[in-house]
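Could you go through this structure with me? I have put my notes in numbered points, with the cut-offs explained along the way.

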Amino acid sequence: ARAKTLRRKLAVQRIQRAWRAEVPFWHLRPRRTAATQTLYDAVLAFESLSDFLTTGEIEFLQAAESKFDFAKESRYRIVAVVGLFDKGKTWLTNKLFGKNLPSGKLCSTRGISFLWIEDLEMLVLDSAGVQRPVSHCEGAVQSIQDARSTESLMFEMISRIADYMIFVVNDFTWFEQEYVSMLHRKYVQSNQHKELIVVHNLRMTSEPAEAEHLFHQQIKKCYKGSFSPLDELTYVAEPKEGVPVVHHVALCKEMTLAGEKYNKKNALHLKSQLRFRHMLGRSISLTDSLRKELERLIPTFAYVELAPEKMPSSEKTLSVLYETCKEADKETGFSNAPEKKTSKDYGKVGSMRLKAIHPDAKVSMKTQGVINPLGEIIAHDVTFEPNVNVYDRRLQDGIERVIRIECPGVQQEDIDWEELANGVRISIRKQKPIEETAVHPVEPIMQHHGPWERAFEFENGSGRFDFSEEDFILADGVLTVNLRKSFQCRRGKVGRNPTLLQGGRNEPTTPSVKSSTSAGYDFAG
C-alpha cells in the first residue's frame with residue numbers, strides 16, 4: 001500500500017513538472033485589474049502631409065493632466081522610439097519607464113506623441129511607425145504615396161531632434177538592417193555623434209537557448225563588434241574607427257524562461273545607458289524645434305505654384321509658424337476663449353501653420369523624385385565626392401605615379417595642396433553652381449558641392465616621390481598630379497650642400513596648379 005501511494009505521489013509530481021514546463025511562471029502572471037491608463041503629455045497630430053498642405057494646419061494637443069510647458073525653453077533630453085509598424089515600440093516604452101500607455105493590436109499611436117519622464121528629465125517620443133495600413137478612400141493624392149511621404153518626413157524630423165534613437169525590431173530582416181544603416185548613415189554624414197540603439201523584441205521567443213541562437217545568427221554573426229560575457233543578449237557593433245557605434249539589446253517573451261532570464265537585466269542595462277549619458281541634456285523648446293524642422297523639410301516635399309510676376313525675391317517660398325490658441329483667438333477677436341477641446345483627454349493648445357509667400361500661391365505635394373523605395377529622402381544636393389584614380393606608368397627615364405581627380409566645375413583658386421613626408425595632401429572646395437533660392441526649379445535640382453580633402457601618402461618602401469610646379473595640371477575638369485619616383489640616394493658632408501648620387505634636382509621647388517587654358521597663371525599653394 002505504501003509503495004502504491006508513493007507511486008501515485010511521484011506520478012502527480014511528474015504531471016506537475018510537465019505542466020509547469022508548458023506554462024512556466026503562470027503563478028507570477030499579474031491579475032487583470034482596471035489599472036489607470038497613462039496618457040501622453042502631448043500629441044502633434046501629424047497624420048497626413050497632403051492634409052497639411054491642403055489645410056495649412058497641424059494641431060498640437062496636450063493632456064489636461066500634463067503640467068509640462070512644451071513651448072518654454074528648458075534643459076532635457078529627447079529619446080525617440082521608432083521602428084516599423086506593430087513592432088512593440090509602445091510596449092518597450094511601458095517596460096522601460098513603468099507606464100501604462102495603450103498598446104497592442106487594438107491601439108495605434110497618433111502622429112508624434114510625447115511622454116515627459118520628470119525624474120529623468122527626459123522626453124520620450126513615440127510614433128505610429130513605418131508602413132502602417134492606409135485608407136484607399138478617394139482623395140486628391142494617392143493614399144500610399146501620401147503615407148510614404150508623411151512617414152519619410154516624420155522619420156527625418158525625429159532623427160534630427162532626438163538625442164537618442166531606439167529602433168525596435170522583431171526578427172532582424174535585411175529590410176530593417178537597411179533602415180538602421182540609413183539612420184546611422186545620416187548621423188555619420190551630418191557629423192552627429194548620437195546614440196543609436198537597436199532593441200530586438202523577440203516577443204515569440206520563450207526558451208533561452210533559442211534566444212541566444214537567434215541573437216548570434218542575426219547580430220553577432222552579421223556585425224563586427226564586441227560583447228560582454230556578463231551581459232547576455234547585448235552587443236556593440238563597431239563599423240570602423242571614428243564612426244559612432246550601434247548598440248544591440250534583446251528582450252524576450254514576457255513570463256517565460258527566456259523573459260525571466262534576460263528582460264529585467266537588459267531593460268536595466270538599456271535604461272542605465274539612457275540615464276547616464278548626456279546627463280545635462282540640452283536647452284530646447286520643443287515647439288520651436290518642431291517648427292524649424294518642418295520649415296526646413298516641407299520645401300523638399302512640396303511645390304509652390306505662382307505666376308512669375310507675383311514671385312517675390314525672398315529666399316523662402318514656404319514658412320511654418322507655431323501659434324497658440326490664445327494667439328489665434330486674438331486674431332479672431334475672441335481673446336478670452338478657452339482652449340479648444342478635441343476629446344475628453346486632450347485639448348488643443350496650439351497648431352503648426354503653413355504660410356506661403358503669396359496669398360495666390362498654390363501648394364501641392366510632390367509625387368516623384370523625393371524619396372527612394374526604402375523611404376529615404378533622395379539627396380539631390382549632396383556633398384562633393386570626386387572620382388579618384390591613382391596608378392603608375394613607366395616612362396623612358398623612370399616611373400611616374402599619377403593622381404587623377406575628376407572635378408568638373410572646379411577652378412584653380414578652389415584647389416589647395418600641402419606637401420607630406422612622401423606624398424601630397426590635396427584640398428578642393430567646389431562652389432555651388434546653381435543658387436536654388438534665385439531660381440524656380442521645374443524638376444529637382446541635382447548638384448554636388450562643398451569641401452573635399454584627401455592625403456596621398458605612400459610607404460617609404462615603394463620609393464620616394466617628388467613633384468614640381470609643372471606636375472599639377474587642371475584641364476577639362478580633371479586635376480592631374482604627376483609624381484616622379486626618385487631612385488637616387490642623397491649623400492653629403494657636414495657643412496656642405498647635399499648632392500645626388502646620379503644627379504638630379506637639389507633646390508626645393510614650389511608646385512602650383514597649371515591650367516592648360518590659362519598659360520602663365522600660377523596658383524600658389
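The points below take the helices, strands, rings, cysteines and two loop residues in turn.

1. Some ground rules. This is a predicted model, in which local features need pLDDT of at least 70 and side-chain atom pairs count only at pLDDT 80 or more, while totals for chains, interfaces and linings use all residues. Residues are numbered from 1 along each chain as its sequence is written, and side-chain values use heavy atoms, with hydrogens and water left out.

2. Start with helix α7, residues 257-276 (helices, H or I with at least four residues, and strands, E with at least two, are DSSP runs numbered from the N terminus). Its 20 residues reach 30 Å from first C-alpha to last, close to the expected 28 Å (the expected span is 1.5 Å times one less than the number of residues). Look for a kink of about 35° centred on Asn-263; the bend at a residue is the angle between axes fitted to the seven residues ending there and the seven starting there. Asn-263 is also one of the buried residues of α7, along with others including Tyr-262, Asn-266 and Leu-270. Here buried means under 20% relative accessible area, exposed means over 50%, and partly exposed is in between (1.4 Å probe, protein chains only). Just past α7, His-278 has a positive phi of about 55°.

3. Now helix α4, residues 143-161. It has 19 residues and reaches 27 Å, close to the 27 Å expected. Of those 19 residues, 16 are buried, so α4 is largely enclosed by the rest of the structure.

4. Which strand pairs with β18? Strand β18 (residues 387-395) runs antiparallel to β19 (residues 398-406), with nine bridges; two strands pair if DSSP finds at least two bridges between them. The two form a hairpin with two residues between them. One bridge to find is Val-388, whose partner in β19 is Ile-405.

5. On to the rings. Rings of Phe, Tyr and Trp (its six-membered ring) pair if their centres lie within 6.5 Å; planes under 30 degrees apart count as stacked, over 60 as edge-to-face and the rest as tilted. That rule gives 14 aromatic pairs. Phe-46 and Phe-52 make an edge-to-face pair, 6.2 Å centre to centre with 70° between the planes, and both are buried. Trp-417 and Phe-472 have centres 6.3 Å apart and planes at 40°, so that pair is tilted. Trp-417 lies in β20 and Phe-472 in β24, so the pair ties together parts 55 residues apart in sequence. Both of these residues are buried too.

6. Two more ring features. Ring pairs link Phe-60, Phe-68, Phe-70, Tyr-76, Phe-114, Trp-116 and Tyr-322 into a cluster. Elsewhere, Arg-401 lies over the face of Phe-458, at 4.7 Å from the ring centre (the rule asks for NZ of Lys or CZ of Arg within 6 Å of the ring centre and within 35 degrees of the ring normal).

7. How many disulfides are there in the whole structure? The search finds zero, taking a disulfide as a pair of cysteine sulfur atoms within 2.5 Å. Cys-222 is partly exposed at 43% relative accessible area, whereas Cys-325 is buried at 13%.

8. Finally, two loop residues. Gly-104 sits between α3 and β4, and its C-alpha is 8.0 Å from that of Asp-86, 18 residues apart in sequence. His-358 is in the loop between β15 and β16 and is partly exposed, at 22% relative accessibility.
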